[in-house]
Amino acid sequence: MASVDVRTRSGEATGKVDLDDALFGIEPNQAVLHQVVTAQLAAKRSGTHSTLTRAEVRGGGAKPWRQKGTGRARQGSTRAPHWQGGGVAMGPKPRDYTQKTPKKMVQLALRSALSDRAAEGKVAVVDAWDFAAPKTREAKEALQALGLTGKVLVVLDRDDLAAFKSFRNMPDVHPILNTELNAYDILCCDWLVFTRVTLPSAGEAAPAPAPEPAASSENAASSENAASSENAVPAAASEPAPAEEQA
């Protein structure tokens, strides 16, 4: 299991933290990464492009000239695709580019991206972003103290509002919530920066529900007797006596 130094905002080491092998230690699946990233980029497309067909272009209702006798090619409308100002043949129309991707593939792509950055040693952990107020200058100084260069993806908690406002104005820094972490943003950045709170780990399996206490022997015996008494056949005494005995 790989470990990373936990540092303060000023760059001082305060300890170490282990990276979960289930998230940061797998072999990246390139095919799944490609498919998930392609689907994510396709979902960003608005799909509002539209062109006018020959039926939608204004005009062209009259035949330009008579069918025969002019020596020119026959034409039925001035709004055909080969006419200037005519409609577009097979042009784009509004559509939805969303692709359905299985959840397990999305999770595998996220683990593959995390493992790829961990294998390159591009994962950093900060103890906490203790910004008293949003200050872009302090955020820039913090990244310089940590030695983070290039494009940096800063994973923040929902309570790190001051840190989010401090990093959002920097062109090479992309702040993101830990609940919105995805493979595409990880692959687009050189460094991946977590805090102790936002560092992901494979959750432990949910504990199995506790078994119900078994009934005691006395209660079990009493319940069996009650069940037998309910299902018991009426006694013979309750039946009418034979005719001989009545006589």
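Guide: Before we look at Thr198, note that a residue is called buried under 20% relative accessible area, exposed over 50% and partly exposed in between, with a 1.4 Å probe and protein chains only. The model is predicted, so local features need pLDDT of at least 70 and side-chain atom pairs count only at pLDDT 80 or more, while totals for chains, interfaces and linings use all residues. Residues are numbered from 1 along each chain as its sequence is written, and side-chain values use heavy atoms, leaving out hydrogens and water.

Visitor: So is Thr198 buried or exposed?

Guide: Thr198 counts as buried, because its relative accessibility is 5%.

Visitor: And where is Thr198 found?

Guide: Thr198 sits in the loop between β6 and α7 (217-231), where helices (H or I, at least four residues) and strands (E, at least two) are DSSP runs numbered from the N terminus.

Visitor: Which backbone oxygen does its side chain reach?

Guide: The side chain of Thr198 reaches the backbone oxygen of Val155 at 3.3 Å, and a polar atom of that side chain lies 2.9 Å from the backbone nitrogen of Thr195.

Visitor: Switching topic, what order do the strands of the sheet take?

Guide: Six strands form an open sheet with mixed pairing, in the order β2-β1-β3-β6-β4-β5, and two strands pair if DSSP finds at least two bridges between them. β2 (13-18) and β5 (173-177) are at the edges with a single partner strand each, so one side of each has no neighbour in the sheet.

Visitor: How many bridges join β4 to β6?

Guide: Three bridges join β4 (residues 152-156) to β6, and the two run parallel; Leu153 stands opposite Leu192 in β6.

Conventions: A polar contact is a pair of N or O atoms within 3.5 Å; within protein, one must be able to donate a hydrogen and the other to accept it, and residues adjacent in sequence count only if both atoms are side-chain atoms.
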